[in-house]
Amino acid sequence: MTGYASLLQGDSVWLKTSYSGYSQSALFTAWFEFVEGTPPYTVTDIKTLWQGSWGYGNPASPINNYLSNKKFMMPSAAKSTRLRIITTGHGGGGTDNAAEFSDKTHTIWVGGQQRYSQRLWREDCMVNPVYPQDGTWPISRGGWCPGDIITPWEKDITGFLTAGDSTRVDYKMQDYTNLDLSKGASYSTTGQVIFTSMPNFQN
């Protein structure tokens, strides 16, 4: 949460939770633990590139149409830029049992070139702080495990940027066609560029 501390300033801040599980209801408790001190770096700005859930494997509506060609410019006050992505796969029963139970590798392109690959797969769901659970919780999944934290995928992309120029980011999902669209596959994704100062420490 340190990178989002600036969003928690002011007299009041609205927080929103959403729930789409299998049980009839849910009760949520959220809390923040504040630690006094200097953060590793100071966030100067945040820009959301994408946030939502999109179908995967439908040739009539390719998911890459929603995740590609996102442009931004690094502010002059920023010295570093980090790309942070949280993605989880959902749905099953169709081709490859995607996207919840399908092992896929996606790619991240910055400035028109592929820079990183992202294997979106969790093989450790059986080692879970919420134990035991009902259902299929020990089975490996596309980027998440029931009841467990989702770890953001984060990379420093400063070296791929040119000061004063717009930069394009493309998040490309692995090629896939679902032959049974009645059993939908989808990915829920939040992606941001986080602009920061130089590190506040050498070590």
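The legends below describe several close-up views of a predicted model.

Residues are numbered from 1 along each chain as its sequence is written, and side-chain values use heavy atoms, with hydrogens and water left out. Because the model is predicted, local features need pLDDT of at least 70 and side-chain atom pairs count only at pLDDT 80 or more, whereas totals for chains, interfaces and linings use all residues.

**View 1. The whole chain contains 1 helix and 8 strands.** Helices (H or I, at least four residues) and strands (E, at least two) are DSSP runs, numbered from the N terminus, and along the sequence they follow the pattern β-α-β-β-β-β-β-β-β. The C-alpha atoms fill a box of roughly 50 × 40 × 35 Å along the principal axes. Of the 203 residues, 34% count as buried, where buried means under 20% relative accessible area, exposed over 50% and partly exposed in between (1.4 Å probe, protein chains only). Among contacts (heavy atoms within 4.5 Å) with a separation of 6 or more, 73% are accounted for by residues 24 or more positions apart.

**View 2. One open sheet of 4 strands has the order 1-8-3-6, with antiparallel pairing.** Two strands are taken to pair if DSSP finds at least two bridges between them. Strand 1 and strand 6 (153-156) stand at the edges with a single partner strand each, so one side of each is left without a neighbour in the sheet. Neighbouring strands of this sheet are turned by 15° against each other on average, direction ignored; the axes are lines fitted to C-alpha atoms, for helices over the stretch in contact, and angles run from 0 to 180 degrees between N-to-C directions. Strand 1 is joined to the antiparallel strand 8 by 11 bridges, and Gly55 has Ser186 in strand 8 as its bridge partner.

**View 3. Another open sheet of 4 strands has the order 2-7-4-5, and its pairing is antiparallel.** Here strand 2 (70-72) and strand 5 are the edge strands, each with a single partner strand, so one side of each is left without a neighbour in the sheet. The twist from one strand to the next averages 20°. Strand 2 and strand 7 pair in the antiparallel sense over 3 bridges, and Lys71 has Arg168 in strand 7 as its bridge partner.

**View 4. The largest nonpolar core has 28 residues, of which Trp50, Tyr56, Phe72, Leu83, Ile108 and Ile157 touch the most other members.** Such a core is a set of buried Ala, Val, Leu, Ile, Met, Phe, Trp, Tyr and Cys residues joined through side-chain atoms within 4.5 Å. Strands that each supply at least two residues of this core include strand 1 (43-55), strand 3 (80-90) and strand 8 (186-196). Beyond its neighbours within four places in sequence, Leu83 is in contact with residues including Leu49, Ile108, Trp153, Ile157, Val169 and Val193.

**View 5. His106 lies in strand 4 and is buried, with a relative accessible area of 0%.** A polar atom of the His106 side chain lies 3.0 Å from the backbone nitrogen of Gln174. Not counting residues up to four places away in sequence, His106 also touches others, among them Tyr56, Tyr116, Tyr171 and Tyr187.

**View 6. Ile149 is found in the loop between strand 5 and strand 6.** With 64% relative accessibility, Ile149 counts as exposed. Its C-alpha atom is separated by 9.3 Å from that of Pro129, and the two residues are 20 residues apart along the chain.

How values were computed
A polar contact is a pair of N or O atoms within 3.5 Å; within protein, one must be able to donate a hydrogen and the other to accept it, and residues adjacent in sequence count only if both atoms are side-chain atoms.
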